[in-house]
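The following exercises ask for a close reading of backbone geometry, burial and packing. Each task is followed by a solution in steps.

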Amino acid sequence: SDWSADSWSDYGSRDKPGTTLGRTVPDGNVLFPDIFHTDHLLFYERFSAYQDYILADCKASEVKRFIAEYLEKVLEPSGWQAIWRTSVFDVLVGVVNVNFPALKAVVQLSEPFLCESQDSSFTLECMQELLELKEHQILLQELFVVYDESGEFDQTALAIEHVRFFYRCIWRTWDEEEEDELDYFVRCVEPRLRLHYDILEHRVPSGLVADYQNLLSQCEELYEKFLNVRNNISSNDSDSEAENVSMVEGLKLYDQVEHIKQRLKLIENPLLRYVFGYQKYGSLQARGLRSTGAKVIHVVPWNMKANLLQLLTRDKLCPESCGALEIQFHRDPLAAVNACYEGDRVIICPGHYFVDGMFSIADSIELEGYGLPDDVVIEKQGKGDNFFDCTGANVKIANLKLVQHDAVEGILNVHHGKTTLENCVLECETTGITVRTSAELLMRNSDLYGAKGAGVEIYPGSACTLLHNGIHHCKEGILVKNFLDEIYEAPRITMVNNMIHNNEGYGVVLVRPAMPSEMKDASAQETKGTFLFLEETPETTKSSIPSFLNCIFHNFEICGWCTQPTQAGDEAACAEGSRQEQPGCVTDELELYKGAETSEQTENNSEIANVLGATSAKKRQIHRKRLSELGFTEADDNLMSQEMFVSVDGNQFKWNGKGSFGIFFF
């Protein structure tokens, strides 16, 4: 409120005379004048406007006053036209004054009278009567400013757009009753604004978007009921039985509203939305066995050459007992999978298949290519959340190349049951493979690359076995999430003879909560937002260089300190110097280099196994302590067996940007 008028002059200012905004033609049959095109603003434009010019550090109870003060500085109080839009009609009006505290404009009908409605009942006389009932005052967010080339009304159009967007997408009716101690922009505006643009840019799964919208509608409906009950109680001073019943009903409604509000906040948080707020696949039902008990082999494609059919019959279609074998032919892989029941098998012949849709596998089936992976390619076409979702008890995918485009989630999600991936090539675009809680993945002799997130994400309570795979050219190689150790058991991990190389970040990353003793070591460091610590084992590090790293989670600002040991770098430097001093001993130096490299890879495997094992041991200690506090002197065998089973051996880590192994504490 102390800002001068001059401080607003740069916002929306122009170097040249005339408007800088675009124009758009209103929809409909009536020839309304063009209006300013303002609904295309970018995230940073809205973010800057709300943070720097409109809301600043206001509290929820001060929002309306801050908006009114902003409008007084930038809004033209009269002399402009606008289209008044409601759900039932559009009408052209002229603005003669603005009631800033009420966020309303004083209007009158323009001449000639232009109105479009769903029926013909809104005549000139009817609209005049309606305006008189409203005292000619209507909400500013219902006005769309008529286009003007002079540029005089640019800031007016932008200001109304910011107000309209705020009350349509940011403000909630219950915000004023939240704790008023905190900055409203940080607590509510920023996360909701980020979520809005994440949805616009297709970074949030459609199922999660639907969940959020449904929860929002439920919360608004329940909150309105709660307000009605509360108002009835406050207006009635009697201590009757009906009053007591209303109080009980009000408490129930209040609890329901608070529960839904917490779920909304979880979805608005980019770090937690997928972990706590998204249970999309619980309702996916398996078909089970056919009523006849028969199992079918599905063959793709529909048409094939005679020699290919002969080979296919010899290799795949004639097992030892094939008397009652049923074979069905399909035009594309997705149709074949959708036709499967429990125990069926899908054989895909060589070819490049473009699929516009998602593979949802809820039954135990086998999906395999007939030939090498590069000969049997399934490429995703069109936008969608993900590519393969597996919830079957025992799913097998083999000899395929999967190519992902325009997805929000990973190329393969294992939500329940066990999925075996063998001899496959996965060309990713977002994240790679995600192994959710209570799911199991066995990945063998496969190649995964191109993920903008982690190649493999391993959630708490899951089991993941990686044997003889290549994971490369991803943001991170393997991400192990163990930050739900108080709720789920630690993941069980087996990694043997994998080649993890050329990833932008680390070969393997562990995410886990920091213990109090670990937090003490960082008390001297001050960071913005949540604190993060990192330990790493780089392959070749020349010196200890502290650096700040961004958290791998999208749009979640976490910064921390990176500590890099110098031993490996010093040894590399000594070896380099030795080679320069004795150029004749090439053979011996090569043998020494190979030996040092082998030793380093062994150390990397050992360190990963030790750290993951130590995390598991810490979890066991916590459980023992809790059991002791509850009075149990003997630990339950099932509970105490919930430790991270780790087998890490023979893996090679090469040319990963930040090192072989990193730990993110939070």
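The model is predicted.

**Exercise 1. A nonpolar surface patch**

Task: Determine which residues form the nonpolar patch on the surface, and how much accessible area they have together.

Solution. Step 1: The patch is formed by Leu309, Ile327 and Phe329. Step 2: Together, these residues have about 210 Å² of accessible area. Step 3: Ile327 is located in strand S10, residues 326–329. Step 4: The relative accessible area of Ile327 is 33%, so this residue is partly exposed. A patch member must have over 30% relative accessible area, and the 33% of Ile327 is the value to set against that cut-off.

**Exercise 2. Helix lengths and burial**

Task: Compare the end-to-end span of helices H4 and H2 with the expected value, and establish how each helix is packed.

Solution. Step 1: Helix H4 comprises residues 154–170, a total of 17. Its first and last C-alpha atoms are 23 Å apart, close to the 24 Å expected at 1.5 Å a residue. Step 2: Of the 17 residues of H4, 14 are buried; the helix is therefore largely enclosed by the rest of the structure. Step 3: Helix H2 has 12 residues, 63–74, and should span 16 Å at 1.5 Å a residue; the 17 Å between its end C-alpha atoms agrees with this. Step 4: The buried residues of H2 include Val63, Phe66, Ile67 and Leu71. Step 5: The packing partners of the buried H2 residues are helix H1 (43–54), H4 and helix H5 (184–200).

**Exercise 3. Cis peptide bonds**

Task: For the peptide bonds from Glu111 to Pro112 and from Val300 to Pro301, give omega and locate the proline.

Solution. Step 1: The bond from Glu111 to Pro112 is cis, and its omega is near 0 degrees. Pro112 belongs to the loop that connects strand S5 (104–109) and strand S6 (115–117). Step 2: The bond from Val300 to Pro301 is also cis, with omega near 10 degrees. Pro301 occupies the loop between strand S9 (296–300) and helix H8 (306–317).

**Exercise 4. Positive phi outside glycine**

Task: Where do Asn423 and Asn445 lie, and what are their phi values?

Solution. Step 1: Asn423 is not a glycine, yet its phi is positive, at about 55 degrees. It sits in the loop between strand S20 (417–422) and strand S21 (425–427). Its relative accessibility is 31%, so Asn423 counts as partly exposed. Step 2: Asn445 likewise has a positive phi, near 55 degrees. Its loop runs between strand S23 (439–444) and strand S24 (447–449). With a relative accessible area of 38%, Asn445 is partly exposed. Step 3: Strand S20 also holds Thr420. At 10% relative accessibility, Thr420 counts as buried. Leaving aside residues up to four places away in sequence, Thr420 touches Val395, Lys396, Ile397 and Leu442.

**Exercise 5. Cysteines and disulfides**

Task: How many disulfides are there, and is Cys390 buried or exposed?

Solution. Step 1: A disulfide requires two cysteine sulfur atoms within 2.5 Å. The count by this rule is 0 disulfides. Step 2: For Cys126, which is in no disulfide, the nearest cysteine sulfur is that of Cys115, 8.5 Å away. Step 3: Cys126 has 29% relative accessibility and so counts as partly exposed. Step 4: Cys390, at 0% relative accessibility, counts as buried.

How values were computed. Residues numbered from 1 in each chain as written. Predicted model: local features only at pLDDT ≥ 70, side-chain atom pairs only at ≥ 80, totals over all residues. Heavy atoms only, no water. Helix = DSSP H or I, 4+ residues; strand = E, 2+ residues; numbered from the N terminus. Expected span 1.5 Å × (residues − 1). Buried < 20%, exposed > 50% of the residue type's maximum accessible area, 1.4 Å probe, protein only. Contact = heavy atoms within 4.5 Å. Patch = residues over 30% accessible without salt bridge, like charges linked within 9 Å, V, L, I, M, F, W, Y side chains within 5 Å. Areas by Shrake-Rupley, 256 points an atom, 1.4 Å probe, with all protein chains shown as cover. Salt bridge = Lys/Arg side-chain N within 4 Å of Asp/Glu carboxyl O.
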